[in-house]
Amino acid sequence: MPSTSRSTRSRTKNPGSQSALRHLNQQRIIECLLNGPSTQAELARQTGLSTATVSNIVKIMQDSGLASTEPTTSSGRRALNVRLNSNGAVAVGIDFGRRHLRVVLASLSYHIIAEESVLLPLGHHADEGIEAAVALLTKLLAASSVERSAIVGAGVGIPGPIDRRTGTVAQGAILPEWVGINILEHLENTLQFPVFIDNDANLGALSEVTWGPHSGISNLMFMKIGSGIGAGLILNGAPYYGNVGITGEIGHATIHEHGLICRCGNRGCLETIASTTTMIEFLSRGRDKPMTPEDIVHKALARDSATLRVVDDVGLAVGRALGNVANLINPEVIVVGGPLAGLGDILLDPIRRGLVRHAVPVIGETTTLTMSSLGDRAEALGAAALVFQHAGIRRS
């Protein structure tokens, strides 16, 4: 599946140092090996490095478990074939949320090496979030004995629109403290390896057709219901980004013209009716402390009447918005994700009623509506898949 996400190369600090030069040369060799095993002589030709340099770096990679070698013949001569081990090239997936951070490490075979999530303070700034991501990444690398030099790149999900022309977080993000920041440049300067950035809902869609059960689907919509509401689109087998990269802002579709003022400045947006923030506000009245999305799931599964009513209202509103989108793009599958995924049919049933009611009958009848099987990992897994796609690695 092709990807059009903007990417840049990291700019290594102090590029003249011996360790930095060795790291860059090793990255060049890894990039060549991503296409398959090669002899040391072939690696020297492809990278422009001397055979001695290639031999030294391959030895270092072999000692650290990144690569393995085996004797072979090339043009009738004895040679040494080099191949990456399963953990010889690792993708990092980072998912920033309003209140959470998740980091995953994944191997070439789409195997999860390590993952962990932590809470972030509400209203945190970009510097705080990035600092937490670096600390968590360092912890995971150490715990899984993965060399930093094995990292091919990092995919990063942001809960808000990304202006793909500049790499900046655009107005309307669920993290207003991040708006206007060139997060791509900031992350590359900090992490010192290639970074690929995208909206979290787009990455959720990508995860469903890579890690999830929908690899054969060419037209899919992933809808994330959380503090904000957004959608990612796979159209004709490829992520759809529109003109400047700001698509899928279904949370700002008008549902009630005279409804509440939304953070985007309009009235009656879907987010003002169906986000977890709104649900928490409704259900926390009269309680000592605010509910959490996890509380909503638990109380709904326990058949709490007030919670079930709120979930039903949310589902109908979401279904109405989805009906309008389905009429426009006619997706084969719509996947619902986010922290309420544990509700299952309790949420899907009213969404389905709203979808069928507001979509053209044949579209409503033929569109598959399902809950994400990836749960709250979807966005981070999609971020890792984004790295693999830029490296030209398909899931086997």
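A residue counts as buried when its relative accessible area is under 20%, as exposed when it is over 50%, and as partly exposed in between. Keep that scale handy: at 46%, K139 falls in the partly exposed class. What you're looking at is a predicted model, and its chain runs to 396 residues, 54% of them buried. Here's a quick tour, going from the whole fold down to a few side chains.

**The overall build**

- If you count up the secondary structure, you get 13 helices and 16 strands.
- The radius of gyration is 23 Å, close to the 21 Å from the globule rule for 396 residues, so this protein is as compact as a globular protein of that length.
- Lay the C-alpha trace along its principal axes and it spans about 75 × 45 × 40 Å.
- Take the contacts between residues at least 6 apart in sequence: 64% of them join residues at least 24 apart.

**Surface and charge**

- The accessible surface adds up to about 17400 Å², and carbon and sulfur atoms account for 50% of that.
- There are 34 positive and 34 negative charges, and the mean positions of the two sets sit 5 Å apart.
- The structure has 12 salt bridges, and three of the pairs that form them get a closer look below.

**Salt bridge E70–R83**

- E70 and R83 pair up in a salt bridge, with 3.5 Å between the closest N and O atoms.
- E70 belongs to strand β3 (residues 67-74) and R83 to strand β4 (residues 77-84), so this pair ties together parts that are 13 residues apart in sequence.
- How accessible are the two partners? E70 has a relative accessible area of 36%, which makes it partly exposed, and R83 is partly exposed at 36% too.

**Salt bridge E115–R102**

- The side chains of E115 and R102 also meet in a salt bridge, at 3.1 Å from N to O.
- With E115 in strand β7 (residues 112-119) and R102 in strand β6 (residues 100-106), the pair ties together parts 13 residues apart in sequence.
- Is R102 buried or exposed? At 10% relative accessibility, R102 counts as buried, whereas E115 is partly exposed at 28%.

**Salt bridge E116–K139, and a network**

- E116 and K139 bring their side chains together in a salt bridge of 2.9 Å, N to O.
- This one links distant parts of the chain, since E116 is in strand β7 and K139 is in helix α4 (residues 126-144), 23 residues away.
- E116 is partly exposed, having a relative accessible area of 25%, and K139 is partly exposed at 46%.
- Which residues share salt-bridge partners? R102, E115, D376 and R377 are joined that way into one network.

**A stop at T69**

- You'll find T69 in strand β3, the strand that also holds E70.
- T69 has a relative accessible area of 23%, so it's partly exposed.
- What does T69 touch, leaving aside residues up to four places away in sequence? Its contacts are V58, Q62, L80, N81 and V82.
- For a sense of distance, T69 and I162 are 93 residues apart in sequence, and their C-alpha atoms are 42 Å apart in space.

Note on methods. Residues are numbered from 1 along each chain as its sequence is written. This is a predicted model: local features need pLDDT of at least 70, side-chain atom pairs count only at pLDDT 80 or more; totals for chains, interfaces and linings use all residues. Side-chain values use heavy atoms; hydrogens and water are left out. Helices (H or I, at least four residues) and strands (E, at least two) are DSSP runs, numbered from the N terminus. The radius of gyration is taken over C-alpha atoms; the globule rule is 2.2 Å times the number of residues to the power 0.38. Buried means under 20% relative accessible area, exposed over 50%, partly exposed in between (1.4 Å probe, protein chains only). Contact means heavy atoms within 4.5 Å. Accessible areas come from the Shrake-Rupley method with a 1.4 Å probe; for residues, only the protein chains shown count as cover. Lys and Arg count as positive and Asp and Glu as negative; His and the chain ends are not counted. The place of a charge is taken as NZ of Lys, CZ of Arg, CG of Asp or CD of Glu. A salt bridge is a side-chain nitrogen of Lys or Arg within 4 Å of a carboxyl oxygen of Asp or Glu.
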